[in-house]
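Visitor: I would like to learn how to read a protein model, one feature at a time. Please show me the one we will use.

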Amino acid sequence: MSKLTIPTPDDFHIHLRDGAALARTVADAASQCARALVMPNLTPALDSVAAVEGYRERIIAHIPEGTTFTPLMSLYLSDGLTPQTVIEAKAAGVVAVKWYPRGATTNSAQGVAEVSAIYPLLEALEAEDMLLLIHGEVTDPEIDIFDREARFIDEVLCDLRVRFPRLRMVLEHITTKRGVEFVRSQAKNTAATITPQHLLFNRNALLVGGIKPHYYCLPILKTEADRAALVEAATSGDPRFFLGTDSAPHAQSAKENACGCAGCYSAHASLALYAAVFDQAGALDKLGNFAARFGADFYRLPYNPGTVTLERVEQRFPETLPYGDTTIVPFLAGERWPWRLLA
């Protein structure tokens with residue numbers, strides 16, 4: 001197969017940042033999908049309806065002329081969030097609340113440290129039928145970073161699933177075989193997004209031959225057995241797994257220093273990245289549902305109109321991209337890639 005036409009996709013996990021960065025990130029997102037679920041971990045965090053609405057307007061202002069793109073907005077689960085805020089957010093069209101355990105990843109300092117503190121909020125989410133999006137890692141510094149997702153599932157998420165059976169949960173950017181097993185163990189109300197970097201690479205890409213900062217993301221890349229389990233889940237046709245890039249831009253100067261900012265910027269070519277994974281797995285026929293149907297179904301959204309077409313024609317990714325007044329190094333910068341999205 002040299003060309004593949006699929007329904008117009010959604011990206012159910014993306015970071016667009018703010019300010020001058022939006023000129024880059026919104027255009028790239030709009031080139032790949034019709035809708036994108038935008039993460040709320042700005043500084044300060046978007047933990048009020050007014051803050052989310054203001055951010056949505058700034059995003060809309062950067063949508064390229066002639067482009068159809070809808071930002072789906074999420075609210076940050078902070079200590080200051082109340083059940084009343086959840087009710088107001090639902091009325092304002094916010095589709096989900098994002099939970100970052102404090103200290104888990106970029107801009108998570110305002111996250112909740114004690115899970116029992118959020119029980120009233122989870123009750124409100126369940127009552128309002130709003131989704132809870134979960135960065136599923138424990139943050140105890142004594143726990144090995146490669147074990148944090150599995151420990152979160154076993155020590156936190158299993159209990160929450162029992163306490164709040166009607167709450168629709170998305171375990172974001174799963175990275176482990178344990179994550180796949182957990183989602184499959186749930187008959188309903190539980191799903192997961194999977195990123196291109198976790199489908200394409202294991203931790204060797206980050207660590208062998210020297211530390212490579214542009215492969216560093218959180219949750220961190222895991223073992224080859226974990227990567228294989230993710231590929232099998234994504235390409236299986238199981239509707240509980242769908243596309244969420246977790247594309248996360250950092251300026252080149254911030255990424256390539258002792259900071260080691262976590263995040264891979266894949267929004268410039270995310271569909272080509274996924275196409276290569278599905279092609280290698282012999283499952284190109286499954287990409288359309290993974291990219292454009294399963295997420296919409298779980299979020300109870302109508303399907304996007306139209307289609308997009310990918311072709312098996314080699315492209316070379318740029319070494320850098322403009323990013324505000326600086327540059328960003330995109331994921332797989334300079335690499336030759338076997339698929340591309342037709343304009």
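Visitor: Is Leu-332 buried or exposed?

Guide: Leu-332 is buried, with a relative accessible area of 7%. Buried means under 20% relative accessible area, exposed over 50%, and partly exposed in between, with a 1.4 Å probe and protein chains only. This is a predicted model, in which local features need pLDDT of at least 70 and side-chain atom pairs count only at pLDDT 80 or more, while totals for chains, interfaces and linings use all residues. Residues are numbered from 1 along each chain as its sequence is written, and side-chain values use heavy atoms, with hydrogens and water left out.

Visitor: Where does Leu-332 lie, and what is its phi?

Guide: Most residues other than glycine have a negative phi, and most peptide bonds are trans. Leu-332 is not a glycine, yet its phi is positive, about 60 degrees. Leu-332 lies in the loop between strand 13 (326–328) and strand 14 (336–337). Helices (H or I, at least four residues) and strands (E, at least two) are DSSP runs, numbered from the N terminus.

Visitor: Which other residues have a positive phi?

Guide: His-173 is one of them, at about 35 degrees, and it is not a glycine either. His-173 sits in the loop between strand 7 (169–171) and helix 6, and is buried with a relative accessible area of 2%. Asp-129, just after helix 4, has a positive phi of about 55 degrees.

Visitor: Where are the cis peptide bonds?

Guide: One joins Thr-43 and Pro-44, with omega about 0 degrees. Pro-44 belongs to the loop between strand 3 and helix 2 (49–60). Another cis bond runs from Leu-218 to Pro-219, where omega is near -5 degrees. Pro-219 is in the loop between helix 8 (204–207) and helix 9.

Visitor: How do I read strand pairing?

Guide: Strands of a sheet pair through backbone hydrogen bonds, either parallel or antiparallel. Here two strands count as paired if DSSP finds at least two bridges between them. Strand 2 (residues 10–14) and strand 3 run parallel and are joined by three bridges; Asp-10 stands opposite Arg-35 in strand 3. Strand 3 (residues 35–38) also pairs with strand 4, in the parallel sense over four bridges, and there Arg-35 has Thr-70 as its bridge partner.

Visitor: How many residues of strand 2 and strand 4 are buried?

Guide: In strand 2, five of its five residues are buried. In strand 4 (residues 70–76) the count is six of seven, so this strand is largely enclosed by the rest of the structure.

Visitor: Which strands form the antiparallel sheet?

Guide: An open sheet of three strands has the order 1-10-15, with antiparallel pairing. Its edge strands, each pairing on one side only, are strand 1 (3–7) and strand 15 (340–341). Strand 1 and strand 10 share five bridges, and one bridge sets Pro-7 with Thr-307 in strand 10.

Visitor: How do I read the packing of two helices?

Guide: Axes are lines fitted to C-alpha atoms, for helices over the stretch in contact, and angles run from 0 to 180 degrees between N-to-C directions. The axes of helix 6 (residues 177–184) and helix 9 (residues 224–234) come within 7 Å and cross at roughly 35 degrees. Contact means heavy atoms within 4.5 Å. Lys-177, Val-180 and Arg-184 in helix 6 meet residues of helix 9, including Asp-226 and Leu-230.

Visitor: Which residues of helix 4 are buried, and what covers them?

Guide: In helix 4 (residues 119–128) the buried residues are Tyr-119, Leu-121, Leu-122, Ala-124, Leu-125 and Glu-126. Their cover includes helix 3 (83–91), strand 5 (96–99), strand 6 (131–134) and helix 5 (148–163).

Visitor: What about empty space?

Guide: On a 1 Å grid over the protein atoms alone, a cavity is a set of points where a 1.4 Å probe fits but cannot get out, and a pocket is an open set with protein on both sides within 12 Å along at least five of seven lines; lining residues have an atom within 4 Å of a point. Grid points are joined across faces, edges and corners, and a volume is the space filled by probe spheres set on the points. The largest pocket has a volume of about 270 Å³. Its lining has 16 residues, and Thr-8, Cys-33, Ala-34, Thr-68 and Val-308 lie nearest its centre. Helix 1 supplies the largest share of that lining, three residues.

Visitor: How many cavities of 30 Å³ or more are there?

Guide: The whole structure has three. The second largest has a volume of about 60 Å³, and its lining includes His-214, Tyr-265 and Phe-331.
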